[in-house]
Amino acid sequence: MNTYYLLISAALFALGAYGVLARRSAILVFMSVELMLNAANLALVVFAREQGSPAGQAVALLLIALAAAEVAVGLALVVAIYRTRESTLVDDLAELKG
Amino acid sequence: MSAVGFAILAGLVLAGALVVVLSENVVHAAVALAFTFFFIAGLYLMLGSPMLAVIQFAVNAAAIPILTIFIIMTTQSRRVRPASGALYLIAVVLAGAFLYGLWGLLGAPQTAFRPVSPEGLGARLLSVTLLPFEVASVLLLLAMVGAIVLARRLEK
């Protein structure tokens with residue numbers, strides 16, 4: 001049964017990775033990163049159950065807090081970028097491209 | 001009964017994630033993200049961690065999508081061009097590596113599993129993982145201050 005949970009986790013991770021690579025809006029890239037973080041979290045909870053230990057759940061809880069902090073700072077950055085560029089598309093922010 | 005519930009939840013999670021990744025309407029993607037996280041909370045419940053399910057529901061399925069939708073509205077980025085294809089391969093390879101890394105950890109014999117009670121999790125957070133817990137609270141404070149500084153309107 002745990003194997004199926006891991007398959008769901010891997011599928012979520014793949015969808016998130018595809019979203020990060022293929023999406024053009026910075027907000028959608030953030031949402032895809034969230035999907036990947038949740039996939040990792042799900043795997044962590046599955047292994048916590050496999051080991052019969054609450055350690056994995058404590059770490060998963062801290063990971064949710066970490067993801068919330070990431071979203072707060074990331075979305076503030078999107079707002080700051082929108083103020084100066086009038087755009088949130090990642091293609092418009094390619095000054096570092098060689 | 002458990003298998004049927006898992007199948008339904010798994011299908012809903014994957015369908016929601018597909019909408020997030022493929023939808024041209026960013027608001028639809030944000031709502032689908034909220035539903036995806038809601039169903040992941042259901043998976044946590046089935047995995048025997050009610051506390052984690054509640055926190056997943058409150059933080060990931062409610063707070064984060066609301067914040068995201070506010071930002072979508074204020075930055076007027078409701079619609080985007082569809083995602084470019086041809087990157088499926090990289091995503092599938094990444095997922096394969098992810099699954100391969102996890103697979104080796106699975107083989108251990110199943111130990112008897114008892115659901116973790118919220119009391120047990122809380123006691124553990126405040127004893128064994130006290131330092132990470134405190135660091136996480138400082139991190140959240142820093143993120144809050146950082147977000148205010150970044151999004152503040154600059155004085156002329």
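**Entry 1: the A/B interface**

I looked up polar contacts first and found 6 residue pairs across the interface of chain B and chain A, both residues at pLDDT 80 or more. A polar contact here is a pair of N or O atoms within 3.5 Å; within protein, one must be able to donate a hydrogen and the other to accept it, and residues adjacent in sequence count only if both atoms are side-chain atoms.

I note that this is a predicted model, where local features need pLDDT of at least 70, side-chain atom pairs count only at pLDDT 80 or more, and totals for chains, interfaces and linings use all residues. Residues are numbered from 1 along each chain as its sequence is written, chains are lettered from A in the order in which they are written, and side-chain values use heavy atoms, without hydrogens and water.

I counted 0 salt bridges between chain B and chain A (side-chain nitrogen of Lys or Arg within 4 Å of a carboxyl oxygen of Asp or Glu). The buried area is about 6600 Å², with 77% from carbon and sulfur atoms; this is accessible area (1.4 Å probe) lost on putting the two parts together, summed over both. Chain B brings 75 residues to the contact and chain A 67 (heavy atoms within 4.5 Å).

**Entry 2: α1 against α1**

I checked the helices (DSSP runs of H or I, at least four residues, numbered from the N terminus). The axes of α1(A), residues 2-22, and α1(B) come within 9 Å and cross at roughly 5°. Axes are lines fitted to C-alpha atoms over the stretch in contact, with angles from 0 to 180 degrees between N-to-C directions. The pair is therefore roughly parallel (under 35 degrees; over 145 is roughly antiparallel). Among the contact residues are Tyr4(A), Leu15(A), Phe6(B) and Leu18(B).

**Entry 3: α2 and α3 of chain B**

I found these axes within 8 Å, crossing at roughly 175°. α2(B) and α3(B) are therefore roughly antiparallel. The contact includes Phe37(B) and Tyr44(B) of α2(B), and Phe57(B) and Met73(B) of α3(B).

Methods: Helices (H or I, at least four residues) and strands (E, at least two) are DSSP runs, numbered from the N terminus. Angles under 35 degrees count as roughly parallel, over 145 as roughly antiparallel, 65 to 115 as roughly perpendicular and the rest as oblique.
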